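Colleague: I would like to learn how to read a protein model. Could you walk me through one, a feature at a time?

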Amino acid sequence: MSYATRPRAALRLRATALVTLPLLALAVACGGDGSGVKDGRSTAIADVPAAPAPGAADRAEGTTSPRPAAKSAYYDAQVKYVQCMRTKSGYKDYPDPKLSGYLDWAEIEKIVERTGEDEAWKGGRKGVCFPEMRAAMDVEPEVDQQKAYESLLAHAKCMRDNGVSRFTNPTMSGGQAIPGGDPNPASPVLDSGSPAYERAEEACRSKLIESVEGMQ
């Protein structure tokens, strides 16, 4: 099966796993527990004030509207990642991040569908933008894993209610919310390119909070 015909959900899940599993392993190896605490320090930035003065990130968005101060570092880091994806990786229409700093996964999905390249999900061609992606992940606001799980669960139930009966629930492992979806990601049984799946996906998109978009 080619990238162009492989179900989108499988591509997204595989790309997410390629990034999150090595990072979780690294956190454990360094004495962390995956909870946002490393070497006795929190990796979250929620309590770090930052001036909302316009800068490179504002120019990339084409606006000087104030951004949430606690998330400006994350937003700016994502802007650098997006710039890398547009230049070094060649995805010239890679979408700007949202003002919250999270990527616009719906628009990124369109690039994957058009190009047939799942590298557009994470890190770019040959991982050329992995350093910028990692820098953004290092300053991502701490995710409430319980809320993440509840969001993923609501989305999974919605998908089943809308006709995708084999869509599986998320799980919790080591305090981390693990997305559900295809019951056999290695050999997908769900056709995420079918009209029925796409209708369910559209109906259930609002169930996902920003911190888990692109995971399930």
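Colleague: Let's start with helix α3. Which residues in α3 are buried?

Modeller: A residue counts as buried when its relative accessible area is under 20%. In this predicted model, the buried residues of α3 are Ser72, Tyr74, Tyr75, Ala77, Gln78, Val79, Tyr81, Val82, Cys84 and Met85.

Colleague: How many residues does α3 have, and what span does it reach?

Modeller: For a helix, you can set the span against the one expected at 1.5 Å a residue. Helix α3 has 16 residues, and from its first C-alpha to its last it reaches 23 Å, close to the expected 22 Å.

Colleague: Now a single residue. Why does Met85 count as buried?

Modeller: Compare its relative accessibility with the cut-off: buried means under 20%. Met85, which has its place in helix α3, counts as buried because its relative accessibility is 0%.

Colleague: And which residues is Met85 in contact with, leaving aside its neighbours within four places in sequence?

Modeller: Setting those neighbours aside helps you see what the fold brings together. For Met85 the contacts are Gly90, Tyr91, Tyr94, Glu119, Ala120, Gly123, Gly124 and Cys129. Take Ala120 from that list: Met85 and Ala120 are 35 residues apart along the chain, with their C-alpha atoms separated by 8.0 Å.

Colleague: Gly124 was on that list too. Where does Gly124 lie?

Modeller: Gly124 is in the loop between α4 (105-115) and α5. With 3% relative accessibility, Gly124 counts as buried. Beyond its neighbours within four places in sequence, Gly124 is in contact with Met85, Ser89, Tyr91 and Glu119. Its C-alpha atom is separated by 8.5 Å from that of Cys84, although Gly124 and Cys84 are 40 residues apart along the chain.

Colleague: Next, pairs of helices. At what angle do α3 and α5 cross?

Modeller: For a pair, look at the distance between the axes and at the angle. The axes of α3 (residues 72-87) and α5 (residues 130-138) come within 8 Å and cross at roughly 165 degrees. Angles over 145 degrees count as roughly antiparallel, so α3 is roughly antiparallel to α5. Their crossing is left-handed.

Colleague: Which residues meet there?

Modeller: From α3 come Tyr74, Ala77, Gln78, Lys80, Tyr81 and Cys84, and from α5 come Glu132, Met133, Ala135 and Ala136. By class, the residues of this contact are seven nonpolar, one polar and two charged.

Colleague: How do α6 and α7 pack, and at what angle?

Modeller: Read this pair by the same steps. The axes of α6 and α7 (residues 195-204) are 9 Å apart, at an angle of about 140 degrees, which makes α6 oblique to α7. This crossing is right-handed. His155, Cys158 and Met159 of α6 make the contact with Tyr197, Ala200, Glu201, Ala203 and Cys204 of α7. The classes here are six nonpolar, one polar and one charged.

Colleague: Is His155 buried or exposed?

Modeller: His155, in helix α6 (residues 145-161), is buried, because its relative accessibility is 2%. Apart from its neighbours within four places in sequence, His155 is in contact with Phe167, Cys204, Lys207, Leu208 and Gln216.

Colleague: Finally, the whole chain. How many helices and strands are there?

Modeller: There are seven helices and four strands, and from the N terminus on they run α-β-β-α-α-α-α-α-β-β-α. The protein chain has 216 residues, of which 39% count as buried. Among contacts between residues at least 6 apart in sequence, 60% join residues at least 24 apart.

How values were computed: Residues are numbered from 1 along each chain as its sequence is written. This is a predicted model: local features need pLDDT of at least 70, side-chain atom pairs count only at pLDDT 80 or more; totals for chains, interfaces and linings use all residues. Side-chain values use heavy atoms; hydrogens and water are left out. Helices (H or I, at least four residues) and strands (E, at least two) are DSSP runs, numbered from the N terminus. Buried means under 20% relative accessible area, exposed over 50%, partly exposed in between (1.4 Å probe, protein chains only). Contact means heavy atoms within 4.5 Å. Axes are lines fitted to C-alpha atoms, for helices over the stretch in contact, and angles run from 0 to 180 degrees between N-to-C directions. Angles under 35 degrees count as roughly parallel, over 145 as roughly antiparallel, 65 to 115 as roughly perpendicular and the rest as oblique. A crossing is left-handed if the near helix is turned anticlockwise from the far one by less than a right angle, and right-handed if clockwise. Ala, Val, Leu, Ile, Met, Phe, Trp, Tyr, Cys and Pro count as nonpolar, Asp, Glu, Lys and Arg as charged, and the others, Gly among them, as polar. The expected span of a helix is 1.5 Å times one less than its number of residues.
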